[in-house]
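Visitor: Please pick one part of this model and take me through it closely. I would like one connected account, with the contacts and the numbers stated.

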Amino acid sequence: MGVLGELTVLNDPEAIFQEGWLLCDIGEHERGLAEIRRAVAKGYFGAPTLSGRRQFDALRSNPAFHELLAEAEAGRQRALVAFREGGGERLLGQ
């Protein structure tokens, strides 16, 4: 395995999402979608980014994108519930 294969950032869900986002930004939509799918599967739920950023406009008519967005939104909602049930708002002074 090469040097890049040893980097733990390559397994980080946020870094994977960022890579997918950048791929979409340069027009590599299918590759980008695959990376974002990996990030969501690893627990990174960037639904607001997916729904609002222009880099994903070309994917908006793609049923796979809609499925992935729904999965990201559901994961985000589950995370918010867990955060609130765990007293997370108290930690933020709310």
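**Glu35 and the helix around it**

Guide: Leaving out residues up to four places away in sequence, Glu35 touches Ile16, Glu19, Gly20 and Leu23. The model is a predicted one, and the account below starts from this residue and works outward. Glu35 lies in helix H2, which covers residues 29-41. Its relative accessible area is 16%, under the 20% limit, so Glu35 counts as buried.

Glu35 also has a charged partner. Its side chain forms a salt bridge with that of Arg38, at an N to O distance of 3.1 Å. Both residues belong to H2 and sit three residues apart, which is about one turn of the helix. In general, side chains of opposite charge can pair when their charged atoms come close. The two ends of this pair fall into separate accessibility classes: Glu35 is buried at 16%, whereas Arg38 is partly exposed because its relative accessible area of 35% lies between the 20% and 50% limits.

The contacts listed for Glu35 lead to helix H1. H1 spans residues 13-25, and its axis is 7 Å from that of H2, at an angle of about 165 degrees. An angle over 145 degrees counts as roughly antiparallel, so this is the relation between H1 and H2. Their crossing is left-handed. On the H1 side the contact is made by Pro13, Ile16, Phe17, Glu19, Gly20, Trp21, Leu23 and Cys24. H2 contributes His29, Arg31, Gly32, Leu33, Glu35, Ile36, Arg38 and Ala39. Both members of the Glu35 and Arg38 salt bridge are thus in the list of H2 residues that meet H1. Sorted by class, the contact of H1 with H2 has nine nonpolar, three polar and four charged residues.

H2 has another helix to consider, H4, which runs over residues 63-85. The axes of H2 and H4 come within 10 Å and cross at roughly 25 degrees. That angle is under 35 degrees, and H2 is therefore roughly parallel to H4. H2 passes H4 in a left-handed crossing. From H2 the contact takes in Leu33, Ile36, Arg37 and Val40, and from H4 Ala64, Phe65, Leu68, Glu71 and Ala72. By class, this contact of H2 with H4 has seven nonpolar, no polar and two charged residues. Leu33 and Ile36 appear here and also in the H2 list for the contact with H1.

Back along H2 is Glu30, another residue of this helix. Glu30 has 55% relative accessibility and so counts as exposed. Apart from neighbours within four places in sequence, Glu30 is in contact with Leu59 and Asn62. Its C-alpha atom is separated by 9.8 Å from that of Phe65, a residue 35 places away along the chain. Asn62 is placed in the loop between helix H3 (47-52) and H4. Beyond residues up to four places away in sequence, Asn62 touches Glu30 and Leu33. At 18% relative accessibility, Asn62 counts as buried. Of this touching pair, then, Glu30 is exposed and Asn62 is buried.

The Glu35 pair is one of five salt bridges in the count. Another joins the side chains of Glu28 and Arg31, with N to O at 3.9 Å. Glu28 is partly exposed, at 33% relative accessibility, and Arg31 is among the H2 residues in contact with H1. A further bridge links the side chains of Arg60 and Asp57, at 3.0 Å from N to O. Both of its members are partly exposed: Arg60 has a relative accessible area of 25% and Asp57 one of 46%.

As for the setting of H2, the protein chain has five helices and zero strands, in the order α-α-α-α-α along the sequence. The chain has 94 residues, and buried residues make up 28% of them; Glu35 is one of the buried ones. Of the contacts between residues at least 6 apart in sequence, 54% join residues at least 24 apart.

Notes:
Residues are numbered from 1 along each chain as its sequence is written. This is a predicted model: local features need pLDDT of at least 70, side-chain atom pairs count only at pLDDT 80 or more; totals for chains, interfaces and linings use all residues. Side-chain values use heavy atoms; hydrogens and water are left out. Axes are lines fitted to C-alpha atoms, for helices over the stretch in contact, and angles run from 0 to 180 degrees between N-to-C directions. Helices (H or I, at least four residues) and strands (E, at least two) are DSSP runs, numbered from the N terminus. Angles under 35 degrees count as roughly parallel, over 145 as roughly antiparallel, 65 to 115 as roughly perpendicular and the rest as oblique. A crossing is left-handed if the near helix is turned anticlockwise from the far one by less than a right angle, and right-handed if clockwise. Contact means heavy atoms within 4.5 Å. Ala, Val, Leu, Ile, Met, Phe, Trp, Tyr, Cys and Pro count as nonpolar, Asp, Glu, Lys and Arg as charged, and the others, Gly among them, as polar. Buried means under 20% relative accessible area, exposed over 50%, partly exposed in between (1.4 Å probe, protein chains only). A salt bridge is a side-chain nitrogen of Lys or Arg within 4 Å of a carboxyl oxygen of Asp or Glu.
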